[in-house]
Structure formats: C-alpha cells, structure tokens
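Please look over the sequence and the structure shown below before reading on. This report is written for someone meeting them for the first time.

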Amino acid sequence: MARDNFTKKTRELVAQRVAYRCCFQGCGIATIGPKFGDALNTSSIGVGCHIFAASPKGPRYNANMTPEERKSPDNCIWMCQTHSKLIDADENAYPPALLHQWKNNAEKEAADRLKNYQYSQAELSDKKTLESIFNKLIQDGQYDVLIMLVEQLKASNSADELLLRYEIIYDCYCNRDALYASIKSYMESSIKKECDSVIKVLVSLNLKSGLQELIPYCQDEELKKWANAILSDTIQHILFVSAEQADEAKNYDIKDKETALNLLSSFLVEKQPPFLPKQADGTIFMLQENSIAFKIRACSWRLFRNCFNGETFIKDKRLSEDYVFLKNNINKIIQLDKELQMGIWLNCLNYVINDRSEFEQLYHLCPAYIKTDIQCERVYIIYNLLHGLKNPNDYLNSDSVINDEKALVSVSRM
C-alpha cells in the first residue's frame, strides 16, 4: 500500500510555523542554517513527521483517516532528526494527543518570539519603556528574548547602565557561572550605577555572588541588612523567629515586602522543608508565584512535598496540576541556570518514578548536563531497580557510581 507522504509545500509550511525549530518538548533546536562553504545553500536537520502514520504498519496509524487527512499539515509535526526517530521508536510514549499538544505549544512559542521581536525603535530607545519590556520578559520567563535584546542593543552602546544591569539579572536566572564577572564588569565601569536594583535581585534569589562588591554602595539600609545576612549565612535568623517572639515580630515594619517574600520563598525552595512555616499572624506562608521562575520553583516544591507524603503518580491516576504546569513549561525551565534546574528535574522525576511511561517520557526531555549529574544518576538507578530493569550488581560494578559513597549506600540498601 502506498504511503501518504507530505508534499514539499506542506513540510515547509509546518516548519515555518514553528520557525524551523524542533517541536519535541524540551528540545527547540534550530533545524536550518547556512551550508558551510556554500553561500547559496542551506543545511537542514529537520523532518516533517507523521502524527498518525502514513501507512498501516507505521506508528500511530489511524485507519479511519483519509489519505488527504494523513497528508495534511494538521497531521505533520516538525522535529529534528534525533527526535523524529525517537517518537516512532516508542509510539506508546508519544501518543497523537501529546504530539498535537507539543505542536501547538511550539507554534505559540514561535508566535511569542515574533511578537517580542517587533518592538519599535521608539520603545527600545526610551529607558523607562525598555525597562518595562525587560521586566515583563523576566516575569514571563522569556530569558532568550531578554538576552537577545540586551546583546543587540549593546552592539551600539556597550556601556549603557540599563543593559549592563539586565545582563546581570539574566545571569542571576540563567548563567550563574558568569554572574560574578558581570557584576565585576558593572562595578568597574564609569557609568552611574543603580546598585540597589542589582542587590534587590540577588537578595530575592538568596544569591551571594557579587554581594561583597555591591554592599558598600547600597543606599537602602534594610536591603543592606539582608545582603549582609546572606553573606554571613545568618539570613535564617532574620527570616524566622521562635513562637515566643511572634507577637514582637508582628510589629516589625518591613518596607520592601515583595523582596522579603521572594527571599523567604527562595530560601525555602532551596532547603526543601516538607512543610511551610507559619507567619507572625498564624497563617501558613505561601510561596511566591509572581513570575514564571518563582511559580516554577513553587510547583517543584509542592511536588517534593507530594513525594515526601508518598503521593507520587501512578498509572490511571490524575497528574498533579503542578507537574502538568512544569512539563508544559520545560522550554522555559531549560533556560534557567543548572543550579535552579536540578531540584526541579529531580522533584519531577521522583514524582513519576512509579510510572514507567511517564518517567521515560520525562527522562528523555532532561538535558544531558542534568542526566550526567550524580543526583540524577541516583534517581535513574532507583527507577531501574524499582521496575526490575537492572540488577543491583550492575551498578555496584559501574564506574558511574563506584566512586560515590552515597550512591553505593543507596543501591546496597535496595
């Protein structure tokens, strides 16, 4: 029986609607670029894949579809070569509904990118408007657009204070290895600086890097107190009080409540206590969700709490809204710094560890630098042992964990 193949026009349309990026959730790699040594041609690693198979023996074949439906753009999803093979090799893990969802997500992201590229020159030239644009991009987790705009504008004005400041803020969320160097460069520049604005972001995220250099220039005494406490590892004494001190704490007037709440949220999601503390008025503290980064971390903590309470996902049970939100925002999660990502991936993997299909699907989405981290390796070891996919002796003799005492203890106890 003949295959119902896509036409070249259909493949190009589908690829263009996602800006030639792979639709596999968590990938998003560009699939087209210049051909090396040939100025008149391009190289492509993209594939127009059938959601429902083109022929009866193919994956996800639907006998009720007409040939025209099988060849239509609606049945085509754009993938890189690696993921085009993966979705067909394990069709049960990648059902049609999931592929359609990924395709819709990729088209929405392409539309958002296009929208964000369309700022007028007047908007980009006005400092107050540009700062609002940057803050909205951070709030929405569009860090790739933020750094693209910063680099684009720095090309014509590399010493602009606003651009240097938001480069630091980008590093706080997405590239902490470069954070200290960015702050040092900012402090060594001859421009008039807004150090309090930078310190506010560092404090909100409970970050030490660069605070030592910035604190002498801090004008806000409350902010300076918090920054010094973070540096000296005594911030918990400011954030928490005993029950006997609760009445006294009610009278403490915090000027910058947003930064204080963000700081407390950051501290808690890093420490991952199984329960949230009570506030001075007796109510339970709620983690901040005022930006995509803070909402992602709040959802991740709630998954940790679920796992702590033994409420992990099992087949035929409804996935938690927090897990669904995180999975739908993987393209934003993978833009975050590895330090921020690690706990999120571990909590998600632990939450679905009892369901092979969901775990494998999520594990495929993990970036390589997460998979090769010893913490993720331990989770994968436990997953394989839990489902009888590996023998404990396979790991006890493995170079990947043989030098790690904690991993050996974890394996030997199972």
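The report takes up a strand pair, the nonpolar cores, the cysteines and one aspartate in turn.

## A covered strand and its partner

The model discussed here is a predicted one, and a convenient place to begin is strand 3, which spans residues 46–50 and has four of its five residues buried, so that the strand is mostly covered. Strand 3 is joined by five bridges to strand 4, made up of residues 76–80, and the two strands run antiparallel. Within this pairing, Gly46 has Cys80 of strand 4 standing opposite.

## The nonpolar cores

The largest nonpolar core of the model takes in 105 residues, and Phe134 and Tyr173 are the residues with the most contacts inside this core. The element that gives the most to this core is helix 8, running over residues 161–174, with a contribution of 10 residues.

Once the neighbours within four places in sequence are left aside, Phe134 is in contact with a set of residues that includes Leu146, Leu149, Val150 and Leu153, and to these are added Leu162, Leu163 and Tyr166. There is also a second core, separate from the one just described, which has nine residues, among them Leu268, Phe285, Leu287 and Phe304.

## Cysteines without disulfides

How many disulfides does the structure hold? The number is zero, and Cys80, the residue that stands opposite Gly46, is accordingly in no disulfide, with the nearest cysteine sulfur, that of Cys22, lying 3.8 Å away. Cys80 counts as buried because its relative accessibility is 6%, which is under the 20% limit for that class.

Why is the sulfur of Cys376 not in a bond with that of Cys366? The sulfur in Cys366 is the closest cysteine sulfur to that of Cys376, but the separation is 4.9 Å, which is too far for a bond because a disulfide requires the two sulfur atoms to be within 2.5 Å. Cys376 is also buried, having a relative accessible area of 1%.

## Asp144 in helix 7

Asp144 belongs to helix 7, which covers residues 143–154. Is Asp144 buried or partly exposed? Its relative accessibility is 30%, and Asp144 therefore counts as partly exposed, since that class lies between the 20% limit for buried residues and the 50% limit for exposed ones.

When residues up to four places away in sequence are not counted, Asp144 touches Arg113 and Gln335. Glu12 stands 132 residues from Asp144 along the chain, and the C-alpha atoms of these two residues are separated by 25 Å.

Notes: Residues are numbered from 1 along each chain as its sequence is written. This is a predicted model: local features need pLDDT of at least 70, side-chain atom pairs count only at pLDDT 80 or more; totals for chains, interfaces and linings use all residues. Side-chain values use heavy atoms; hydrogens and water are left out. Buried means under 20% relative accessible area, exposed over 50%, partly exposed in between (1.4 Å probe, protein chains only). Two strands pair if DSSP finds at least two bridges between them. A nonpolar core is a set of buried Ala, Val, Leu, Ile, Met, Phe, Trp, Tyr and Cys residues joined through side-chain atoms within 4.5 Å. Contact means heavy atoms within 4.5 Å.
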